[in-house]
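Visitor: I would like a close look at a single part of this model, with its surroundings described as carefully as the coordinates allow. Please take one helix and follow it outward to whatever it touches.

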Amino acid sequence: MLLVKNLHKSFTLHMLGGKRIEAFSDVSFQVAPGKAVVLSAPSGGGKSSVLKCIYRTYLPDAGVIRFQSPSLGLVDLASLDEHRVLVLRRGEIGYVTQFLKVLPRVSTVDVVSEPLINAGVDAELARRRAVETLRRLRIPEALFSAYPATFSGGEQQRVNIARALIRRSRLLLLDEPTASLDAESVGIVLDMLQDCKEKGTAMVAVFHDRSVAERIADSFYTLRPDDGFVRAAAP
C-alpha cells in the first residue's frame, strides 16, 4: 500500500546563517495492508519528520512516497499537488499527532465528528459515532460538550485519537499516540489500533515506549544517521 524509497529531508536554519541540517537520508521501506511498521531512532533522529513527509506537512528534498489509492490510483505523495493531497487526507490517510490542534471554541463531539462530516456522513450519525468513540476511550460524558483546549494532556490525546480513528483510514500515521496516557488507556488505544489493522489499515508509527510499540508492530525500522533506515529484527 505504501512504498517509501530513497527519501531525503534537510532543513535550512536561516538564523544560523543558512546552515543546513540533515533530518534523514536514503530512507526506504514499505508497508502492506493490515501491517504496522514502527520507526525507531534516538530523540531528534528524524522519525517525526518522516511521518510529516508522508502526510505532506513537509516536502522531501528527494525520493518517492508511492501510495496506492482506490480513488486516485498509484500516486507519489512526494510530488502530488496540494488539492489531491487534501482529498487523500479527508478520505484515506489519517494522522495522530503528538498534540491536539483544534479551534478553541468547538465542542469535543464536534471536534471528533468533523472528519466523518467532511467525508459526507450525515451530521447526526457522525455525532453518534463520535459519542461511541469517546465512550470507548473513557472520556467523561460531562466533557462531550466542553472545549478540548481546557482538558488535561491525557484527555486531549484521547480526543486526538478519537478524531483520527472515528473513520477507517487506509493508511494511519501515528506520532507518539500513547505518550501521555495511563496504562489502561494505552491498552484501549492498542486494542482500537489492532481493530484497524484487522480491517486492513496500514500503519507507520513512532512510539516512545519500546514495550508498547512491540504490542502493535509487525516490524521495526531503525533510523541511523550514517545510512538512513536499516531494517532491524521484528519483535
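Guide: Two residues are said to be in contact when heavy atoms of the one lie within 4.5 Å of heavy atoms of the other. What follows concerns a predicted model, and the part chosen is helix H5, which spans residues 153-165.

H5 has 13 residues, and the distance from its first C-alpha to its last is 18 Å, close to the 18 Å expected at 1.5 Å a residue. The helix is mostly covered, with 11 of its 13 residues buried. Those buried residues are Gly154, Glu155, Gln156, Gln157, Arg158, Val159, Asn160, Ile161, Ala162, Ala164 and Leu165. The elements that cover them include S6, H3, H4, S7 and H6.

Within H5 sits asparagine 160, and it is worth asking which residues asparagine 160 is in contact with once its neighbours within four places in sequence are left aside. They are Val96, Thr97, Phe99 and Leu100. Asparagine 160 has a relative accessible area of 7%, and it is therefore classed as buried, the cut-off for that class being under 20%.

One of these partners leads on to the largest pocket, which holds about 940 Å³ of space. Of the 29 residues that line this pocket, the closest to its centre are Tyr55, Tyr95, Thr97, Lys101 and Arg163; Thr97 is thus both a contact of asparagine 160 and one of the residues closest to the centre of the pocket. H5 itself supplies at least two residues of the lining, as does each of helix H1 (47-55), helix H2 (82-91), strand S6 (93-96) and helix H3 (108-118). The element that gives the most is H3, with five residues. By class, the lining of the largest pocket divides into 13 nonpolar, seven polar and nine charged residues.

Among the elements that cover H5, H6 deserves a description of its own. Helix H6 runs over residues 183-198, which makes 16 residues, and reaches 23 Å from its first C-alpha to its last, close to the 22 Å expected at 1.5 Å a residue. At the start of H6, a side-chain oxygen of aspartate 182 comes to within 3.1 Å of the backbone nitrogen of glutamate 184. After the helix comes glycine 200, with a positive phi near 105 degrees. The buried residues of H6 are Ser185, Val186, Gly187, Ile188, Val189, Leu190, Met192, Leu193, Cys196 and Lys197. They pack against H5, and also against strand S3 (36-40), helix H4 (123-136), strand S7 (171-175), strand S8 (202-206) and helix H7 (210-213). Aspartate 195 also belongs to H6, but its relative accessibility is 28%, so aspartate 195 counts as partly exposed. Between the C-alpha atoms of aspartate 195 and glycine 120 there are 23 Å in space, and the two residues are 75 residues apart in sequence.

Strand S7 is another element that helps to cover the buried residues of H5, and leucine 171 lies in this strand. With a relative accessible area of 0%, leucine 171 is accordingly buried. Leaving aside its neighbours within four places in sequence, leucine 171 is in contact with Met1, Leu2, Ile54, Phe67, Glu92, Ile93, Gly94, Thr201, Ala202 and Val204. Its C-alpha atom is separated by 9.9 Å from that of tyrosine 55, although the two residues are 116 residues apart along the chain. Tyrosine 55 has already appeared as one of the residues closest to the centre of the largest pocket.

Two loop residues complete the picture. Arginine 138 is placed in the loop between H4 and H5, and its phi is near 65 degrees, a positive value in a residue other than glycine. Arginine 138 has a relative accessible area of 33%, and for that reason it is called partly exposed. Arginine 56, in the loop between H1 and strand S4 (62-69), likewise is not a glycine and has a positive phi, of about 75 degrees. Its relative accessible area, however, is 8%, so arginine 56 is buried.

Methods: Residues are numbered from 1 along each chain as its sequence is written. This is a predicted model: local features need pLDDT of at least 70, side-chain atom pairs count only at pLDDT 80 or more; totals for chains, interfaces and linings use all residues. Side-chain values use heavy atoms; hydrogens and water are left out. Helices (H or I, at least four residues) and strands (E, at least two) are DSSP runs, numbered from the N terminus. The expected span of a helix is 1.5 Å times one less than its number of residues. Buried means under 20% relative accessible area, exposed over 50%, partly exposed in between (1.4 Å probe, protein chains only). A polar contact is a pair of N or O atoms within 3.5 Å; within protein, one must be able to donate a hydrogen and the other to accept it, and residues adjacent in sequence count only if both atoms are side-chain atoms. On a 1 Å grid over the protein atoms alone, a cavity is a set of points where a 1.4 Å probe fits but cannot get out, and a pocket is an open set with protein on both sides within 12 Å along at least five of seven lines; lining residues have an atom within 4 Å of a point. Grid points are joined across faces, edges and corners, and a volume is the space filled by probe spheres set on the points. Ala, Val, Leu, Ile, Met, Phe, Trp, Tyr, Cys and Pro count as nonpolar, Asp, Glu, Lys and Arg as charged, and the others, Gly among them, as polar.
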